[in-house]
Structure formats: structure tokens, C-alpha cells
Amino acid sequence: MSATPQPTRKRVKAPVLKLVEQRPLADVVGCLQELLVDAARGELVGLAFAAQYRNRFYTYDATGEAYSDPVYARGMISDLYDLLGKRARGE
């Protein structure tokens, strides 16, 4: 059985744009805790993400099934792209 290659995480400096107000850190922690519980139960099998750090740096990656099946992961990210577009337009 061959091991799945581990992706390399990249940090990129983003342009300075402010689309929405900054949410409290508790939202980020709560979201990650929910995902961790699902992963520990074996329900969460893949993750494709972008994460924003202070000073406008961000990282992005995919792991698990999202890494193994990039076509499906691109579909998930496309849904996210559409959702964020609606928020940016105030819809």
C-alpha cells in the first residue's frame, strides 16, 4: 500500500481588500472544533481550504479525499467561490 504524498502548504501575501467585517476568533475556533470532531468520528474524510492569518497572509491546501480527488475538491471550492461572491455583492 503506497502512502498518499503530503501536499506542500504555501503562504501568499494577499492584496488588501476588506469585504466583510472581521469575525471574532471564537467563530474560527468553533468551526475548527466541529470539523475535528467529525474527522475523529471518521465522517470528515477530506478537506480543501483557504485560511487567513493576521497581516493579510493566507494559506491553502487539500488533504484526504479532497487531495486524492481534485475534481470533486474543485467542485466544493467552486461552491465556496460562489457563496463568497454573493456575500461580496451583499446578496
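Are Glu43 and Arg41 buried or exposed? In this predicted model, both residues are exposed. The sections below place this pair within the overall architecture and then turn to individual parts of the chain.

The protein chain contains three helices and three strands. Read along the sequence, these elements follow the pattern β-α-β-β-α-α. Of the 91 residues in the chain, 9% are buried. The accessible surface amounts to about 8100 Å², and carbon and sulfur atoms account for 57% of that area. When contacts between residues at least 6 apart in sequence are considered, 54% of them join residues at least 24 apart.

Charged side chains were examined next. Side chains of opposite charge can pair when their charged atoms come close. Three salt bridges were counted in the model. In one of them, Arg41 is paired with Asp38, and the closest N and O atoms are 2.6 Å apart. Arg41 also meets Glu43 in a salt bridge, with a distance of 3.2 Å from N to O. Arg41 is classed as exposed because its relative accessible area is 52%, and the threshold for this class is over 50%. Asp38, by contrast, has a relative accessible area of 25% and is therefore partly exposed. A further salt bridge links Arg89 with Glu91, where the closest N and O atoms lie 2.8 Å apart. Arg89 is exposed, with a relative accessible area of 55%, and Glu91 is likewise exposed, at 63% relative accessibility. Through shared partners, salt bridges join Asp38, Arg41 and Glu43 into one network.

The aromatic residues were then considered. A pair of aromatic rings is described by the distance of the centres and the angle of the planes. A search of the whole structure returned one aromatic pair. This pair is formed by Tyr58 and Tyr60, whose ring centres are 6.2 Å apart and whose planes meet at 35 degrees, an arrangement described as tilted. The term applies because the angle falls neither under 30 degrees, as for stacked rings, nor over 60, as for edge-to-face rings. Tyr58 is partly exposed, with a relative accessible area of 27%. Tyr60 is also partly exposed, at 35% relative accessibility.

Thr59 belongs to strand β3, which covers residues 57-64. With a relative accessible area of 5%, Thr59 is buried, since the limit for that class is under 20%. When residues up to four places away in sequence are not counted, Thr59 touches Arg9, Lys10, Phe49, Ala50, Ala51 and Tyr53. The contact with Arg9 connects parts of the chain that are separated in sequence: Arg9 and Thr59 are 50 residues apart along the chain, yet their C-alpha atoms are 6.5 Å apart in space. Arg9 is located in the segment before β1 (10-13). In contrast to the buried Thr59, Arg9 is exposed, at 53% relative accessibility. Leaving aside neighbours within four places in sequence, the contacts of Arg9 are Phe49, Thr59, Tyr60 and Asp61. Arg9 thus touches Tyr60, one of the two residues of the aromatic pair.

The helices provide further examples. Tyr67 is found in helix α2, which comprises residues 65-68. This tyrosine is partly exposed, with a relative accessible area of 29%. Tyr67 and Ala48 are 19 residues apart in sequence, and their C-alpha atoms are 7.6 Å apart in space.

Helix α3 spans residues 70-88 and includes Tyr72. Its length can be checked against expectation: at 1.5 Å a residue, the 19 residues of α3 should span 27 Å, and the end C-alpha atoms are 26 Å apart, which agrees. Tyr72 is exposed, with a relative accessible area of 57%. A nonpolar surface patch of about 530 Å² is made by Tyr72 together with Met76, Ile77, Leu80, Leu83 and Leu84. After α3 comes Gly90, which has a positive phi, near 75 degrees.

Key:
Residues numbered from 1 in each chain as written. Predicted model: local features only at pLDDT ≥ 70, side-chain atom pairs only at ≥ 80, totals over all residues. Heavy atoms only, no water. Phe/Tyr/Trp six-rings, centres within 6.5 Å; stacked < 30°, edge-to-face > 60°. Buried < 20%, exposed > 50% of the residue type's maximum accessible area, 1.4 Å probe, protein only. Patch = residues over 30% accessible without salt bridge, like charges linked within 9 Å, V, L, I, M, F, W, Y side chains within 5 Å. Areas by Shrake-Rupley, 256 points an atom, 1.4 Å probe, with all protein chains shown as cover. Salt bridge = Lys/Arg side-chain N within 4 Å of Asp/Glu carboxyl O. Helix = DSSP H or I, 4+ residues; strand = E, 2+ residues; numbered from the N terminus. Contact = heavy atoms within 4.5 Å. Expected span 1.5 Å × (residues − 1).
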